[in-house]
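Morning, everyone. Please have a look at the chain on the screen, and then I'll walk through its aromatic rings and its pocket.

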Amino acid sequence: MANKEVDGYVDEDVVERKETWKDFIFNSDKGTFLGRTGMSWLKIGVFYLIFYACLVGWFAGLLHAFYSTLDDVAPKYYGVNSLLQDNPAIGVRPMPLFDSTLIRYTSGRRSSYQPYIDHLEAFFKTYAPTPNLPMCNESSPVSETEGCNFDIDGYLKSAGCDRSTDYGFKENKPCVVLKMNKLYGFEPIPYDSEADIKADLNSDEKFRYYSFAPGNVGVSCDGQNAVDAMYLRDITFFPTNGYDKKFFPYLNQVGYRSPIILAKFEDIEKGSTVQVRCMLWAKNIDSTDGKEKRGTVHFEFYIGQE
């Protein structure tokens, strides 16, 4: 049984445990540190150094083998071999909330549409000129190695969607950007005329408001259903000739920016939610309004009154 001093209260078990821990950390008699001699630590250190070096080398070799199968410019799978099936999509801006397609604000109240202004301005900054690239025009189409610069200020002014009108929101004529998404290697097969497009319309598809010219990819917007079409009375586009063929194909060119069209909604019913559907038009673009929403985009407007 352990001895204890009544007055000084010395617990020999505690003293013995302290001495044992001291010897484990460093034992001068045996020359050990944490239970191992210097030679033992050297051997185990060399072992783990070689072991982890082999692991790192194996992992680096696998990464090298993986990256050797990739191209710096072209994706491994594109066109009909990709998940997108060589069918481009269309996006819309502003869309500040990723989980909502509703553009909602109150007429005359700037604070209610400020988030849409901020989102548009951030988007237009991505179209700032890239040094040493030509302007996008007929004499300088997109080449196989480099893109071209948009005159984004000229676009906005020509469309009546510049900063002075808060991109149309101040006048209750909001402007949205219709952006044709990049799809590597895609070359559209355009329609030859408006009549050809209308001949391909399904029973629920409309072609009232559109931007199109023969040889280019067209885009149209209208109400989702008959009531929405009644509440959506006029849309103007800029440019008016669709997505120009000079922007295709996309080959990961330096400074390439997706082609855009500005749609200005001139007359929208106030106090009601108006559903809008926009569609791309080319012979090899599937705009079927099914589950995958290929070649189409849906969004809604709600303009409240004070």
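Let's start with two tyrosines. Tyrosine 184 and tyrosine 250 are both buried. Keep in mind that this is a predicted model.

How many aromatic pairs are there in total? The count is 24. Tyrosine 184 and tyrosine 250 make one of these pairs, and the geometry is edge-to-face. Their centres are 6.2 Å apart, with 80 degrees between the planes.

Now, where do the two rings sit along the chain? Tyrosine 184 is in the loop between strand E6 (175–180) and helix H5 (194–199). Tyrosine 250 is in the loop between strand E9 (232–238) and strand E10 (260–268). That puts them 66 residues apart, so the pair links distant parts of the chain.

Tyrosine 250 has another partner, tyrosine 256. Why is that pair called tilted? Because the planes are at 45 degrees, and the cut-offs are under 30 for stacked and over 60 for edge-to-face. The ring centres are 4.7 Å apart. Tyrosine 256 is buried, like tyrosine 250.

Next, a cluster. Phe123, Phe124, Tyr127, Phe150, Tyr155, Tyr167, Phe238 and Phe247 form one aromatic cluster.

One charge deserves a slide too. Arginine 104 places its charged end over the ring of tyrosine 302, 4.7 Å from the ring centre.

Last, the largest pocket. Its space is about 200 Å³. The lining has 18 residues, and the closest to the centre are Cys136, Tyr155, Pro239, Lys246 and Phe247. By type, the lining splits into 10 nonpolar, 4 polar and 4 charged residues. Tyr155 and Phe247 also belong to the aromatic cluster.

Note on methods: Residues numbered from 1 in each chain as written. Predicted model: local features only at pLDDT ≥ 70, side-chain atom pairs only at ≥ 80, totals over all residues. Heavy atoms only, no water. 1 Å grid on protein atoms, 1.4 Å probe; cavity = no way out; pocket = protein on both sides within 12 Å on 5 of 7 lines; lining within 4 Å. Points joined across faces, edges and corners; volume = space filled by probe spheres on them. Nonpolar A, V, L, I, M, F, W, Y, C, P; charged D, E, K, R; others polar. Phe/Tyr/Trp six-rings, centres within 6.5 Å; stacked < 30°, edge-to-face > 60°. Helix = DSSP H or I, 4+ residues; strand = E, 2+ residues; numbered from the N terminus. Buried < 20%, exposed > 50% of the residue type's maximum accessible area, 1.4 Å probe, protein only. Lys NZ or Arg CZ within 6 Å of the ring centre and 35° of its normal.
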